Structures are given as C-alpha cells and as structure tokens.
Amino acid sequence: MTRYWWFEKITPHYSHGYHVIPIYEKRTPYQHLLILKNPVWGRFLVLDGITQFTEKDEFIYHETIVFTPLAALEESPRKVLVIGGGDGGVIRELQKFSEIEKILQLEIDSEVFKACQKYLREISGNYEDERVEFRIADGAKFISEAQEESFDLVIVDCTDPIGPAIALYTEEFYKSLFRILKPRGRFIQQASIPRFYPETLPMAYQRARKAFPQVEILRAPVPCYGDEIAFITASKEGESASQPKRQLRGRFYNPAIHQASFAIPSWWKEFLTDLS
C-alpha cells in the first residue's frame, strides 16, 4: 500500500508533516477534499490543504463547540441549527441530549458529507434519528431568509474564512444570526488558530459585536492543530457563557474546563481591540 509524507502548510515558513496512507481524494465544486490515514492520528479530513480533524482528537473540538453553549443556556434548547459540520461530529454530540427536539443541519458541500459517511462513519451522529433534518444548502443564505426567532441554539461548525466559508464571517451573517435566535438563544462559531492565523479571531469578534450586545472568546487545545483554537459565542440578551448552568461531562469537557476555557491568554489580547 502506498505511503508517503504529506505536509500541511501552516504558514510560508512552517508546516506539519504526516506519514500517510491515502484513503480518498476529490476536487469538489467548492474545495479540494482529502482523507488520509496516519498511525498516530488515525484517519483525518483535509479541506483545501488544512486539517479539519483527526479520529484521535476530534472529540475535543466537537465537545467544546456543543457542550459549552448547551451548558451556558438557561433552559435546554429545543431547536438547534447546525451550519457546516458535514463530518457529523456535532450531530453525534447533540444527540446525547434527549431534550433537543429538532436539529437542522445545513452543509454546502455534499461531497464532504458523502466522503465522511463512507470513510469516517465512526465519528458521525445518526442521520436516521427522526429529530435530525439534513439539507445541502448555503447556511448564510438560509439564515438571511429564515423566520425570526426560530432557533434556541446555532452552531457554526465551518472552515476558516476561505472559499465557501467566507460568507459565514460577515457583518450581515451575524446580524442574521441575531434575528433568527429566540430571545434567550445563543450561537457559537470556531474562529481559527490565533498563533497561525491571527487575523481571523479579531475579524470575527469585531463583526459579531456589531450584532450582539456581548461577544465572548473561548479556547480549546486540539493537538493536531498544533496550538489552541479559538471560538466566539454570544447570546441575544448579552448574558455571559463563562459560568456553566448545567454540570455536563464528556471525554474532554467538564465544568472546570468550561470555566477555564474563557481565560484568554494575554498575547491574544494584543491583537484584539476593546476586548471586554
């Protein structure tokens, strides 16, 4: 079986190297898709040359983006919107909560969904669950047209702001998020890795602040990324998410981790203006 070294170019002067077995490759209408296998990380998904997750540590990312906003909500969400997340990891974590009545997932690239269902099925949720509705759709377009105050929670599990994800980091997008959330609703979105892509977090943070009364930043250590990844979260009423209202636990997530994730390193603040 063919094995070779594959390198993820992080910056012009730094890369990650993986000794891999190629599993699948396709140029979709939106991006270049790779699924590779490494002895340490297992199978992993690569989009446009950027590692999205690995089998070994994906649970850290998926628990953070699901458990954190769920624990921060005053009441359990009934209706959840997931934008992106074609690998199914977010769906898997949401399905652990029986109080959720409806999960609508919008994925723009059907090829990502099909490839992950075939080659990375073990990390995915159950799409036969009657609570789950999956659509191939443009998330930004959908929320611009969606009914006002229709979701308790929106999880934006997107790639970095390149290619099809650019529309998910605009002022218009965040204003649409505000409009479709219920009065006590909340959203969360990944905001890249400040160490390597320092422009993404301040861009997302400042644009979201033009729509929401308070935007908070949290972080999670995902080993395959090479450093901590940032997330932004906000509620319609401006309530802080830093103190969990429910005692949830996962393989990575717990109440202490929840509180600690909102402690932002000083050097992150150096490129964030007016951080409250």
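These legends go with several close-up views of a predicted model.

**View 1. Helix H3 sits largely enclosed by the rest of the structure.**
H3 runs over residues 110–119, and 7 of its 10 residues are buried, so the helix is largely enclosed. If you want to pick out the buried ones, look for Glu 111, Val 112, Phe 113, Ala 115, Cys 116, Gln 117 and Tyr 119. What lies over them? The cover includes strands S2 (14–27), S3 (32–38), S4 (42–47), S7 (102–107) and S8 (132–136).

**View 2. Asp 109 meets the start of H3.**
Zoom in on the beginning of the helix, and you'll find a side-chain oxygen of Asp 109 within 3.1 Å of the backbone nitrogen of Glu 111. Glu 111 is also one of the buried residues of H3.

**View 3. Strands S1 and S2 make a hairpin.**
Just 2 residues sit between S1 and S2 in this hairpin. S1 covers residues 4–11, and it pairs with S2 in the antiparallel sense over 7 bridges. For one pair to look for, try Trp 6, whose bridge partner in S2 is Tyr 18. S2 turns up in View 1 too, as part of what covers the buried residues of H3.

**View 4. Ala 241 is buried, although it belongs to a loop.**
The loop in question lies between strand S12 (227–235) and helix H7 (255–261). Ala 241 has a relative accessibility of 1%, so it counts as buried, the cut-off being under 20%. Which residues does Ala 241 touch, leaving aside its neighbours within four places in sequence? They are Ala 72, Arg 186, Glu 216, Thr 233, His 258 and Phe 262. Take Arg 186: it is 55 residues away along the chain, yet the two C-alpha atoms are separated by 9.2 Å.

**View 5. The largest cavity has a volume of about 530 Å³.**
Of the 41 residues lining this cavity, Gln 52, Asp 157, Cys 158, Thr 159 and Asp 160 are the closest to its centre. Elements giving two or more residues to the lining include S1, S4, H1 (58–72), S6 (79–84) and H4 (139–145). S5 gives the largest share, with 4 residues. Sorted by class, the lining has 23 nonpolar, 12 polar and 6 charged residues.

**View 6. The second largest cavity holds about 70 Å³ of space.**
Its lining consists of Ala 72, Leu 73, Glu 74, Arg 184, Arg 186, Ser 235, Glu 237, Glu 239 and Lys 245. By class that's 2 nonpolar, 1 polar and 6 charged residues. You've met Ala 72 and Arg 186 already, as contacts of Ala 241.

Technical notes: Residues are numbered from 1 along each chain as its sequence is written. This is a predicted model: local features need pLDDT of at least 70, side-chain atom pairs count only at pLDDT 80 or more; totals for chains, interfaces and linings use all residues. Side-chain values use heavy atoms; hydrogens and water are left out. Buried means under 20% relative accessible area, exposed over 50%, partly exposed in between (1.4 Å probe, protein chains only). Contact means heavy atoms within 4.5 Å. A polar contact is a pair of N or O atoms within 3.5 Å; within protein, one must be able to donate a hydrogen and the other to accept it, and residues adjacent in sequence count only if both atoms are side-chain atoms. Two strands pair if DSSP finds at least two bridges between them. On a 1 Å grid over the protein atoms alone, a cavity is a set of points where a 1.4 Å probe fits but cannot get out, and a pocket is an open set with protein on both sides within 12 Å along at least five of seven lines; lining residues have an atom within 4 Å of a point. Grid points are joined across faces, edges and corners, and a volume is the space filled by probe spheres set on the points. Ala, Val, Leu, Ile, Met, Phe, Trp, Tyr, Cys and Pro count as nonpolar, Asp, Glu, Lys and Arg as charged, and the others, Gly among them, as polar.
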